[in-house]
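Thanks for coming. I will take a few minutes to walk through one model, and you can follow along on the screen.

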Amino acid sequence: HSLGTGIGMSALHERVKGGGVMPAGVVLEAPFTSLAEEGVSFAWLLPAPLRAWLLRAAQATLAYHMDSSSRISAVAAASPVAILHGVGDLVVPHALGIRLGEVAGVPVTSFERGHSDICVDPGL
């Protein structure tokens, strides 16, 4: 869930690279594309050029990027991946989950929920 999806993608990507045994499936709940994009998503009121500059600055200064968008294709090729995301998520924007799914052609299931309550949705 959320921050854990970035950590999980990193661990699974290392397992793919090393030829390790993959899980039967992976479920990402409220994932983001990268830590930098997640942070910049809160600056939506700023003009696009300034947001782009902030993104580049964040990418250059973060010690750990949690760049799930660069890892999900390899993980999805080795194990089925599903993405769950709430359209009302105020912590990780729904658009980041959609973009992550588009990167690897992974289905995204959207819920009329927020950040932490998908697990109680009766449609699950």
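Helix α5, residues 94–104, lies across β1, β2 and β3. Its direction is about 165° to that of β2. Keep in mind throughout that this is a predicted model.

The helix also belongs to a larger unit. Together, β2, α5 and β3 make a β-α-β unit, and that unit is right-handed.

Now the sheet underneath. Three strands form an open sheet, and their order is β1-β2-β3. The pairing is parallel. Which strands are at the edges? They are β1, residues 26–29, and β3, residues 108–111, and each of these pairs on one side only. From one strand to the next, the twist averages 20°.

Take the two pairings in turn. β1 pairs with β2, which covers residues 81–86, in the parallel sense over four bridges. If you want a landmark there, L28 stands opposite I83 in β2. On the other side, β2 and β3 pair in the parallel sense, over four bridges. The landmark here is G86, which stands opposite F111 in β3.

Next, helix α1. It runs from residue 3 to residue 18, so to speak a stretch of 16 residues. From first C-alpha to last it reaches 23 Å, close to the 22 Å expected at 1.5 Å a residue. Which of its residues are buried? They are T5, G6, M9, S10, L12 and H13. What do these buried residues pack against? They pack against β1 and against α4, residues 72–78.

At the two ends of α1 there are backbone details to point out. S2 sits in the segment before α1. Its phi is positive, about 55°, although S2 is not a glycine. S2 is buried, with a relative accessible area of 12%. Just after α1 comes G19, with a positive phi of about 75°. G19 lies in the loop between α1 and β1. Is G19 buried or exposed? It counts as exposed, because its relative accessibility is 62% and the cut-off for exposed is over 50%. For a sense of distance, G19 and E102 are 83 residues apart in sequence and 25 Å apart in space, C-alpha to C-alpha.

On to the core. In soluble globular proteins, nonpolar side chains tend to be buried together. In this model the largest nonpolar core has eleven residues in all: M9, L12, M22, V26, L28, I72, V75, V81, I83, L100 and V106. Which elements give two or more residues to this core? They are α1, β1, α4 and β2.

One member of the core is M22. Leaving out residues up to four places away in sequence, M22 touches L12, R15, V16, V75, A78 and S79.

That brings us to S79, in the loop between α4 and β2. S79 counts as buried because its relative accessibility is 2%, and buried means under 20%. Its contacts, again leaving aside neighbours within four places in sequence, are M22, P23, A24, G25 and V26. S79 and K17 are 62 residues apart in sequence and 13 Å apart in space, C-alpha to C-alpha.

Last, the loop between β1 and α2, where I want to show two residues. A30 lies in this loop. Its phi is near 60°, a positive value in a residue other than glycine. Is A30 buried or exposed? At 0% relative accessibility, A30 counts as buried.

T33 is found in the loop between β1 and α2, with α2 covering residues 35–40. T33 is buried, and its relative accessible area is 1%. What does T33 touch, not counting residues up to four places away in sequence? The list is M66, D67, S68, S69, L96, R99 and L100. L100 is also on the list for the largest nonpolar core.

To recap: a three-strand open sheet with parallel pairing, helix α5 lying across the strands, and α1 with its buried residues packed against β1 and α4. The largest nonpolar core takes two or more residues from each of α1, β1, α4 and β2. That is what I had to show.

How values were computed
Residues are numbered from 1 along each chain as its sequence is written. This is a predicted model: local features need pLDDT of at least 70, side-chain atom pairs count only at pLDDT 80 or more; totals for chains, interfaces and linings use all residues. Side-chain values use heavy atoms; hydrogens and water are left out. Two strands pair if DSSP finds at least two bridges between them. Axes are lines fitted to C-alpha atoms, for helices over the stretch in contact, and angles run from 0 to 180 degrees between N-to-C directions. Contact means heavy atoms within 4.5 Å. The expected span of a helix is 1.5 Å times one less than its number of residues. Buried means under 20% relative accessible area, exposed over 50%, partly exposed in between (1.4 Å probe, protein chains only). A crossover is right-handed if, with the strands pointing away from the viewer, the path from the first strand over the helix to the second runs clockwise. A nonpolar core is a set of buried Ala, Val, Leu, Ile, Met, Phe, Trp, Tyr and Cys residues joined through side-chain atoms within 4.5 Å.
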